[in-house]
Amino acid sequence: MSDDKRPGWLLRRMFGKKEEAWPPEPVPVQPPDAKADARPEPTPAAEPVAPPLDSPASISEGQPDFATGAADVAHVPLPASEPSQVDSDKNAVPDEIEGADLQPVEEAVEEAPATSLTPEPEPDPAPVAVQVVMPEVVLSEPEKRGWWSRLTGGMKRTSSALSERVTGLFTKRKLDADTLEELEDALIQADFGVETAMRISEAVGKGRYEKGISPDEVRAILAAEVERALLPVALPLVVDGAKRPFVILMIGVNGAGKTTTIGKLSLKLKAEGRSVMLAAGDTFRAAAIEQLKVWGERTGVPVVAGAQGADAAGLAFEAFKAAKAAGTDVLLIDTAGRLQNKTGLMAELEKILRVIRKIDPDAPHAVLLVLDATVGQNAISQVELFSKAANVTGLVMTKLDGTARGGILVALAAKFGLPVHFIGVGEGVEDLEPFAARDFARAIAGLEAD
């Protein structure tokens, strides 16, 4: 058949002949003539040729020997687990070991729950859900630095601010109305409160009007007035041994230092020879649960804990039963930080109290409100609202080392008269001590111990 009569001759005439890269589709007419059969066949792709036996590539069934490879790539050998681009079939991983290189990852995933910060709750809580006993804590080590040194160091910001004002007011100046007013303003700025500031100013001016007075005399009067205001509230925390366990509920706003205070307090109670149990009632934060467990390890006391998000009232109830069954002397219950102006959260705190009283109508036997000294006058609002919700029995003032307004403790004492059991001036276990009015008053006035 001539070229012009073959199928598709018109297109070839229009666009030119072009050799076909593959055979055309079979045509249901007569077979092609001899000329068509004589056309050269397409050149097939070259098959991979095995390397000679003396070639380095013949080692390991055709896989290159990277130790004897080209010098320019000898320093970056191909990982053994990566398949060759030349012959993927020969590099295929056998079925019996396929996936073996992934095994360490699977083991890590299986072990993750063991170190999770949110342990799974036990369906039937044991008397002690988590108990880790560590070696006895050496109590003599922190005593290398005395309490007075830590107290004055922690109160340095407040005492320095007052000393600067006092020195500037009463150096080479007679005591007059303007001077006393400026002193009153300085005390108010340190959060002593208006009532206390007026009383101290009157004491400084009494019998000294239009006379000279030294800054040291002003500091002495300041210390005496602060001590007088704080003496009625400087009361220790009394644990009634007849009530076992003696339940202490720790409350306060977020960040006040409740969990840390519980840990420090448990160490002091244990040093007195009392058995202590901790309840991780702050179930809203996994970090709070783990933090309390760490304190349990440091102090060697058991911790009752559940999973994050567990019912706080239910956990407190179980902890109370566990402490009672174990004959524990003191049970310290942590609670979630809550703002005093959030009605729902305060209602939950009231629920915890109701649940605890199902076991003992007199419980909790002490409700300690932990206050952050750096919040200043906001502490007054906290005491008012927490007292209504939980019948606060005593105060713990923390972070006095972080503020120049440590006089807030004096203002609280004058307004509420609640016992102040402990004060904190640092993060160490030794930086929480029973409150002493005289020491505090002299430290805030910048005087030495007597």
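Select Gln 377 first and show what surrounds it: leaving aside neighbours within four places in sequence, Gln 377 is in contact (heavy atoms within 4.5 Å) with Asp 191 and Ile 408. This is a predicted model, in which local features need pLDDT of at least 70 and side-chain atom pairs count only at pLDDT 80 or more, while totals for chains, interfaces and linings use all residues. Residues are numbered from 1 along each chain as its sequence is written, and side-chain values use heavy atoms, with hydrogens and water left out.

Staying with Gln 377, you will find this residue in the loop between strand S5 (366–372) and helix H13 (378–390), where helices (H or I, at least four residues) and strands (E, at least two) are DSSP runs numbered from the N terminus. Add the side chain of Asp 191, which a polar contact of 3.2 Å joins to that of Gln 377; such a contact is a pair of N or O atoms within 3.5 Å, and within protein one must be able to donate a hydrogen and the other to accept it, with residues adjacent in sequence counting only if both atoms are side-chain atoms. Then pick Leu 412, 35 residues away along the chain, whose C-alpha atom is separated from that of Gln 377 by 9.1 Å.

Next, select strand S7 (residues 420–424), where five of five residues are buried, meaning under 20% relative accessible area with a 1.4 Å probe and protein chains only. Strand S6 (residues 394–398) pairs with S7 in the parallel sense over three bridges, pairing being called when DSSP finds at least two bridges between two strands. To see one bridge, show Met 397 together with Ile 423, its partner in S7.

Definitions and conventions. Buried < 20%, exposed > 50% of the residue type's maximum accessible area, 1.4 Å probe, protein only.
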